[in-house]
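Student: I'm new to this one. Could you show it to me and walk me through how the labels are earned?

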Amino acid sequence: MPHSSSSMGSTLRAYALPLILFAFAMLYQLLLIPNYFPPSHYDVLKIDAYSPVDKVKHSYNTFQSNWNSPSPPQLPHTCPVLKIQYAYELLTNPLWKRDYDLFGIDEQLHILETATKTCAGKSISELDLPLLDVPPSGPIDHSHKVITAVDFQSIFPDTKPWLIQLYSSGSKRCAQFSESWNQIASLLDPLANTGMVELGEVQLAIYLADKRSTGKPYFRNGIPYLVAIPPGCRAVKCFSRFDGELTVDKVTNWFATTVLALPQINYYSKESLVPNFFGKSSHHKVKVIFFTKSGERAAPFIRQAAKDYWTHALFAFILWREEESSYWMGAFGVESAPAVVFLKDPGVKPVVHHGSVNNSFFLKMMENNKQQELPQLRSLTSMELGCDPHGYSRAGYDTIIWYCAIAVGRPSLALNKMRETMCRVQEKLSKYNEVDVSSEYQALAPAVEAIKRKRLSFAWLDGEKQKDFCRFYLGPSSEHTCGQHTGADDIPQLFIIRFLRNSSAVDTKTQEKPTWKSLLIKDLEGEHDQAGQFVARYKGANDISEISQWIASIIKDGDTRELPFFTLRTPALVPDDKDPGWSRTVQKAPLESLRQRIQGVVSGLLVYQEDPRIGPFLLLGALVSMGTIWLRRNQQAQTSESNPQSQPSSEEPSQDERKQRLRDGLRRRPTKDSTKNQHPSITDSEPAGAYQMPLSDSESD
C-alpha cells in the first residue's frame with residue numbers, strides 16, 4: 001500500500017505541468033471567454049453582424065408585431081424587450097452604428113443597465129421610450145484644427161509635438177469634453193500643436209487607435225481618445241496614448257511630463273517653505289513663488305520657463321488658505337491668490353503681481369526679474385559683469401580701465417546684511433544724473449560716471465564655494481571670510497578690483513605669426529591674465545554713504561594716477577550648478593510618469609487575455625507536454641526491463657560474499673608507490689594457475 005501511494009505521488013508530480021495547463025485552458029474557455037465576448041446587439045435582434053439598417057428595422061418590426069398581436073403565443077418579459085429596444089435605437093443611428101461596428105464603442109450601455117434594474121414588475125406599455133436621446137446636431141466645438149488623412153502627412157515634419165483628440169460627432173462624452181479640450185489646447189498652445197480627428201476619417205482613426213491582439217482597433221477608455229506624437233516621430237510605436245481621467249489638470253500634466261519632458265514644480269506649505277525650498281536652494285537664484293487656490297499643477301508654459309531659466313531662478317507653488325493670508329501678507333506682501341512673487345536679494349522688496357498670467361506676460365516678467373539686484377560672481381556671470389581678468393569689459397574692448405566692487409563672505413546673516421548694503425549703494429549711485437550740481441554728487445561723480453558708462457559693476461561672491469578665488473584677493477586676512485566654516489565668526493569683506501587692459505598683449509594676439517610661434521605665445525599668455533589688476537580692500541563701517549565715497553575715491557585715483565598692478569593668473573571660479581537631467585536630454589521619468597508607464601504595460605498585457613486563441617494554445621501545450629512526459633517515462637521503463645543486471649539486487653549478500661569482495665578490492669587496489677615503480681612488462685591481471693591462500697581462522701572470525 002505505501003508503494004502504491006508513492007507511485008501515485010510521483011506520477012502526479014511528473015504530470016503537474018500538463019495538468020496545470022489543462023486546468024487553465026478549461027478555465028479560460030468556459031469562464032473568461034464568454035465574459036469577454038457577450039452577445040452583441042445583432043445577436044439580440046437575431047440578425048447577422050454588421051447588417052444594414054434596413055435589416056435592423058425589419059427584425060425590430062417583426063418583434064414588435066409579435067408583441068402587439070391580438071393573441072400573442074407568449075407575453076414577453078419586459079427586460080428582454082429593453083435589450084431589443086436598445087439594440088434597435090443604437091443600430092438605426094448611423095453614427096452610433098458606425099462607432100459600434102468599427103471600434104465597439106457603446107458609451108450609453110449604462111442606460112440599459114439602469115433600465116433593466118428598474119423594469120421588474122412593469123409592462124411593456126409602461127416603458128419610457130425611446131431609451132436613448134439623440135444629441136443635437138453639431139455639439140462639438142470645431143474651432144480647433146480638424147485633421148483629415150491628407151493633413152496628417154504634414155504633421156511629421158513639424159518641430160512641435162502634437163496632441164490629437166479622436167472624437168465622434170454623435171458622442172455625448174465628446175460634446176461634454178469640448179470645453180475642457182479648449183482649455184487644454186490653450187495651455188499647450190505655446191509649446192505644442194493640437195488637432196482633432198473625427199471617426200469618420202476611418203483609415204486615419206484606425207491608424208491612431210490602439211490594437212487588440214487580434215489586430216482589431218479599439219479605444220481602451222472609449223472616446224474622446226488622446227494621442228500624442230513627439231517631434232520627429234514617424235511610426236506608431238513612438239506614439240503616446242493617454243490612459244487616465246479626462247481632466248484638464250491630468251491631461252496637461254501627462255503631456256508636459258511624458259512628451260515635453262518638463263520638470264515638476266512642487267507645492268510647499270507655510271511650514272515647509274523655508275527648510276525645504278529656501279534652505280535647499282542656491283543663494284544666487286531668484287525665487288519665483290506662485291500662490292493658487294485651485295491646487296492644480298503648474299501650467300506647461302510655467303514648467304517650460306522653469307526649464308529655460310533654471311540657471312537664474314527656482315520655482316515653487318503654495319496653496320492659498322484664507323487663515324494664512326495674514327502670514328503671507330507680512331512675509332511677501334501677497335493679499336490674495338492667484339499671485340506671483342519674485343524674491344531677489346536679502347532686504348530687497350519682493351516683486352508681487354496679483355492675478356493670473358499668460359505665457360507672453362509671464363515671460364516678460366521673467367526677463368525683467370531673472371537677475372538679482374546684486375548679481376553673484378560665478379563662472380557664468382564673470383564675463384557679463386566685467387569682473388573677468390581675461391580682458392573683457394562691459395563697456396567694450398576699447399575701454400582701458402574698469403572696476404568691479406565685490407562683497408565676499410560665507411553665506412550668513414552678516415553677508416546678507418552686506419549684500420543689502422551694497423544694493424543700496426548701487427541704487428544710490430545709479431539714481432544721480434549728470435545735471436545734478438549738489439556737493440554730494442560732486443564727491444560721488446567718478447563712481448556715478450563709471451556706472452553710467454558701464455565701467456563699474458557690483459557683485460557678491462560666495463567665499464565658501466569660491467574659496468581659492470576669495471583667498472587670492474584677500475590673502476592672509478581671509479580666515480573669517482573664505483573657505484569652510486570653522487566655528488569662528490563670519491566676517492564678510494568688500495574689495496574693489498581695478499582692471500587695466502594690457503594693450504601690448506592684445507596687439508600680440510592680433511598680429512599674424514607662424515603657427516608654431518602662435519601656439520607658443522598662447523602658452524605663454526596662458527600663464528598670465530590679459531588685464532592687469534589692482535586690488536583695494538575696504539576697512540570702514542557698513543555704511544552706505546561711507547562705502548559710496550570710498551568707491552568714488554578709488555575710481556578717481558585709478559583714472560588719474562599710475563597705480564601698481566599684477567598680471568598673475570587668477571584662480572578659476574568653481575563651475576556653477578550642474579546641468580539637470582531634463583535640460584540635457586529627456587527628463588528621467590518621475591514617479592507619476594513611471595506609474596503611468598507601468599499601467600500602460602499592464603493594460604497592454606491584459607489585452608491578450610481577450611484573445612480567443614489563448615485557450616486552444618493552453619490546451620495544445622497541455623497535450624504536447626503530457627505526451628512528451630508519457631513517452632519519456634515509457635522509454636525509461638523499457639530500458640530498465642531490458643537490463644535487469646544493471647538493477648541492484650534486492651537480496652543482501654552473505655557474510656562470506658562480503659569478505660570475498662573486500663579481499664578482492666584490497667588486492668586489486670594499487671598503491672601510489674607500486675604504481676609509480678611498476679615495470680611495464682608486469683601486467684595487472686592475475687596469472688593463470690595462481691593459488692589464493694585461505695585466511696586463517698583468526699582472520700575469518
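Tutor: Sure, starting with a term: contact means heavy atoms within 4.5 Å. This is a predicted model, where local features need pLDDT of at least 70, side-chain atom pairs count only at pLDDT 80 or more, and totals for chains, interfaces and linings use all residues. Residues are numbered from 1 along each chain as its sequence is written, and side-chain values use heavy atoms, with hydrogens and water left out.

Student: Which residues does leucine 163 touch, leaving out those up to four places away in sequence?

Tutor: Its partners include Trp181, Ile184, Leu188, Val227, Trp254 and Phe255. Leu163 is also among the residues with the most contacts inside the largest nonpolar core, a group of 42 residues.

Student: What makes something a nonpolar core?

Tutor: The members must be buried Ala, Val, Leu, Ile, Met, Phe, Trp, Tyr or Cys residues joined through side-chain atoms within 4.5 Å. Buried means under 20% relative accessible area, exposed means over 50%, and partly exposed is in between (1.4 Å probe, protein chains only).

Student: Which elements each supply at least two residues of the largest core?

Tutor: Among them are strand E1 (162-167), helix H9 (172-188) and helix H11 (248-259). Helices (H or I, at least four residues) and strands (E, at least two) are DSSP runs, numbered from the N terminus. H11 gives the largest share of this core, six residues. There is also a second, separate core of 34 residues, which includes Trp460 and Tyr538.

Student: Why is alanine 87 called buried?

Tutor: Its relative accessibility is 0%, and the cut-off is under 20%, so alanine 87 counts as buried. Alanine 87 sits in helix H5 (residues 78-91) and, neighbours within four places aside, is in contact with His41 and Leu45. The C-alpha atoms of alanine 87 and leucine 45 are 7.2 Å apart, although 42 residues separate the two along the chain.

Student: How do you know that aspartate 490 and arginine 410 form a salt bridge?

Tutor: The rule asks for a side-chain nitrogen of Lys or Arg within 4 Å of a carboxyl oxygen of Asp or Glu. Here the closest N and O atoms are 2.8 Å apart, so the pair qualifies. Aspartate 490 is in the loop between helix H19 (467-474) and strand E14 (493-501), and arginine 410 in the loop between strand E12 (401-409) and helix H17 (413-431), so the bridge ties together parts 80 residues apart in sequence.

Student: Are those two partners buried, exposed or partly exposed?

Tutor: Aspartate 490 has 22% relative accessibility, so it counts as partly exposed. Arginine 410, at 1%, is buried.

Student: How many salt bridges does the rule give?

Tutor: The count comes to 15. One of them joins aspartate 101 and lysine 97, with closest N and O atoms 2.9 Å apart. Aspartate 101 and lysine 97 are both in helix H6 (residues 94-103), four residues apart, about one turn of the helix.

Student: Why are E2 and E6 called edge strands?

Tutor: The open sheet has four strands in the order E2-E1-E5-E6, with mixed pairing. Two strands pair if DSSP finds at least two bridges between them. E2 and strand E6 (240-241) each have a single partner strand, so one side of each is left without a neighbour in the sheet.

Student: What makes E5 and E6 a pair?

Tutor: E5 and E6 share two bridges, in the antiparallel sense, and the rule asks for at least two. Valine 227 has arginine 241, in E6, as its bridge partner.
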